[in-house]
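Visitor: I've never seen this one before. Could you walk me through it?

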Amino acid sequence: MERRQVITARPARKKINLKEQLTLHSMLLPGIALATVFQILPMIGIIMAFQDYNVVDGFFGSPFVGFMNFYDLFMRPDFMQATLNTVIIAFSKIVCITVLSIVLALLINEIRIGAIKKTVQTIIFLPYFLSWTLLGNIMVDMFSKSGGFNYFLSFFGVEPVSWITSNTWFRTIVVASDVWKTIGYQIVVFLAAIVNIDPALYEAARIDGANSRQLCRHITLPGIMSMIVLMSILNIGNIMNAGFEQILVMYNYLVYETGDILDTMAYRIGLLQVGQYSMGTAIGLFKSVISCVFFSASYFLAYKVKGYKIF
Amino acid sequence: MENIKFNKQHLKIAPSRRAFLIINTSLLVLFAFVCLVPFLNLLATSLSSNDAVNAGAVGFLPVGITGTAYKILMSKTEFFRAFGYSVLRVVTGTVLSLVVITLGAYPLSKTSSVFRGRGFYVVFFTVTMFFSGGLVPTYIIITRLHLNNTIFALILPTAMNAWNMVLLINFFRQVPKELEEAAKIEGAGHYRVLVQIVLPVSLPAIATVVLFTAVQHWNAWFDGTIYMQPAKLPLQSYIYNMINEANTLRQNLTSSPEDQALLATLPTKTLESAQIFIAMLPIMLVYPFAQKFFIKGLVLGSVKE
């Protein structure tokens with residue numbers, strides 16, 4: 001009985017104006033066309049991972065080999081190492097950037113002189129807008145044997161070391177330079193969240209006699225906690241993204257052992273070696289599938305926990 | 001009056017709090033300075049003599065100051081041709097992308113009861129955001145379409161940027177419905193409403209997207225290195241190739257006379273640094289003025305209530 005009432009209570013559906021609908025659809029045409037050609041077609045091209053692809057026979061004529069490529073891949077020790085490197089580097093980046101950006105945002109928020117606050121924020125944010133070709137090469141030069149880093153260390157009596165070709169230091173340099181380049185973004189997001197906190201809360205707490213440390217601990221931090229949780233969840237989706245462009249610029253064959261990641265390996269094997277398209281595609285697919293699982297899980301979690309929606 | 005107020009405020013701050021503020025501010029200024037060190041080192045290297053750079057004697061300040069690197073750079077026509085190609089790429093790429101995502105964002109900013117089929121498009125674009133075919137298949141598709149060594153290889157694949165489109169969708173949603181409805185009663189179609197009503201009130205969002213896209217195109221380099229021939233390399237790809245080739249040669253050269261002669265023709269570290277510095281310049285000049293749009297866009301892109 002109740003159920004029927006609900007149904008009848010529903011307002012009549014709006015009349016559809018067909019011409020208007022077609023106009024709206026036509027607007028999406030260019031976007032759909034481009035996405036189909038440059039994103040959907042490559043997804044179909046994934047069948048190459050299950051073929052022994054050659055240029056002459058193409059996508060549909062090349063011999064089908066099933067999971068052969070993956071079998072070969074999993075037998076390769078450098079593939080296992082690259083997978084491990086990918087996760088280690090990506091995970092270290094996520095942790096370092098999350099922790100440091102929270103700390104820095106809280107501290108920058110405490111600067112009382114507006115001009116200094118703005119300048120500090122501007123400088124920290126600057127590298128975010130420059131490319132890895134430029135920044136990566138600056139880093140390579142800085143950490144080479146005759147580079148700036150050794151020059152500064154020489155004041156402390158440290159002998160020059162070629163840091164960038166050292167397997168002990170390569171990952172550290174990669175993570176540190178990524179922090180340098182990208183941390184400004186998360187700091188800005190957290191600072192914006194701090195600005196959004198209701199000033200009345202601070203007033204009330206001050207009247208109750210709270211000191212600055214208590215304000216930070218009991219108002220600012222809880223005020224941005226929701227954003228911290230959201231950003232952390234979304235960052236988990238990047239667990240397979242160790243930074244292709246960065247590594248490609250910064251690594252050299254001496255540090256493949258610690259610095260080679262799945263993306264760079266797919267590039268070297270798939271595009272730089274002749275006739276290895278299928279193997280390169282297989283590495284890319286392996287990464288894409290795991291990445292997609294983590295991405296979906298993180299966005300699903302963000303939606304469940306924080307009601308976050310992309311569209 | 002001013003003075004009294006100042007004193008009052010001063011009195012309120014406890015000594016421990018003041019100590020914290022001073023130390024905190026100083027440390028953050030120091031941290032910001034450390035973030036600048038690589039740039040200072042780069043500039044100093046580009047202005048130093050080759051011998052000083054090779055000896056590892058350059059820190060913040062140029063050693064044996066000389067403008068030779070910049071003078072050589074001035075005579076390098078490839079550098080400026082690449083610079084010009086990058087400008088072409090930024091302009092065409094940004095215009096194309098803006099048209100595509102603005103057109104797409106308008107219908108998707110409507111509810112699914114107004115725009116039937118919205119759900120399908122949302123799923124479609126979400127799939128492209130979450131999964132990719134990977135590098136090799138994309139490369140093969142672009143090669144098979146014969147886009148290699150044309151500007152289209154650089155601007156078409158990234159034109160439909162779903163994340164930027166989401167940013168616009170969010171802005172378009174905030175446009176008051178009354179404005180659109182009034183225009184519709186006057187007989188305006190959707191294209192007209194978009195161009196004459198929605199776009200003019202969304203200018204801040206458009207500015208943000210334009211800046212994002214322009215910076216992305218200026219900074220993109222990997223696509224250039226795999227799709228373009230030397231005569232059509234954008235600046236960042238040109239720099240990558242130049243340094244990458246020089247480094248590979250340096251590693252493989254022996255001490256034989258021929259190899260040493262070849263080594264002398266390679267670009268020096270000072271010349272490399274000068275080129276990197278000039279390539280950074282456009283962003284560094286625009287950035288202080290554009291920063292507020294960037295921040296607005298970043299915050300809107302990630303912080304959505």
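Here is a short chat about this predicted model.

Visitor: How many residues does chain A put into the contact with chain B, and how many come from chain B?
Guide: Let's take the two sides in turn. Chain A brings 76 residues to the contact. From chain B come 77 residues.

Visitor: Which helix gives the largest share of the side of chain A that touches chain B?
Guide: By class, that side has 48 nonpolar, 21 polar and seven charged residues. As for the largest share, 16 residues come from one helix, spanning residues 18-44 of chain A: helix H2.

Visitor: Which helix gives the largest share of the largest nonpolar core?
Guide: That core has 140 residues, and Ile187(A), Phe190(A), Ile283(A) and Leu168(B) have the most contacts inside it. Its largest share is eleven residues, and they come from residues 170-195 of chain A, which is helix H9.

Visitor: Where does this core lie with respect to the domains of chain B?
Guide: Look at who gives residues to the core. Domain 1 (2-66) and domain 2 (71-302) of chain B both do, so the core lies between them.

Visitor: Which residues does Leu168(B) touch?
Guide: Leu168(B) is among the residues with the most contacts inside the largest core. Leaving out residues up to four places away in sequence, Leu168(B) touches Ile101(B), Thr102(B), Ala105(B), Ala205(B) and Val209(B).

Visitor: How many residues of helix H7 of chain A are buried?
Guide: This helix runs over residues 132-142 and is mostly covered. The buried ones include Trp132(A), Gly136(A), Asp141(A) and Met142(A). The count for H7 of chain A is eleven of eleven.

Key: Residues are numbered from 1 along each chain as its sequence is written. Chains are lettered from A and ligands numbered from 1 in the order in which they are written. This is a predicted model: local features need pLDDT of at least 70, side-chain atom pairs count only at pLDDT 80 or more; totals for chains, interfaces and linings use all residues. Two residues are in contact if their C-beta atoms, placed from the backbone, lie within 7 Å. Helices (H or I, at least four residues) and strands (E, at least two) are DSSP runs, numbered from the N terminus. Ala, Val, Leu, Ile, Met, Phe, Trp, Tyr, Cys and Pro count as nonpolar, Asp, Glu, Lys and Arg as charged, and the others, Gly among them, as polar. A nonpolar core is a set of buried Ala, Val, Leu, Ile, Met, Phe, Trp, Tyr and Cys residues joined through C-beta atoms within 7 Å. A residue is buried if 20 or more other C-beta atoms lie within 10 Å of its own, exposed if 12 or fewer, and partly exposed in between; C-beta atoms are placed from the backbone. Domain bounds come from an automatic or database domain assignment.
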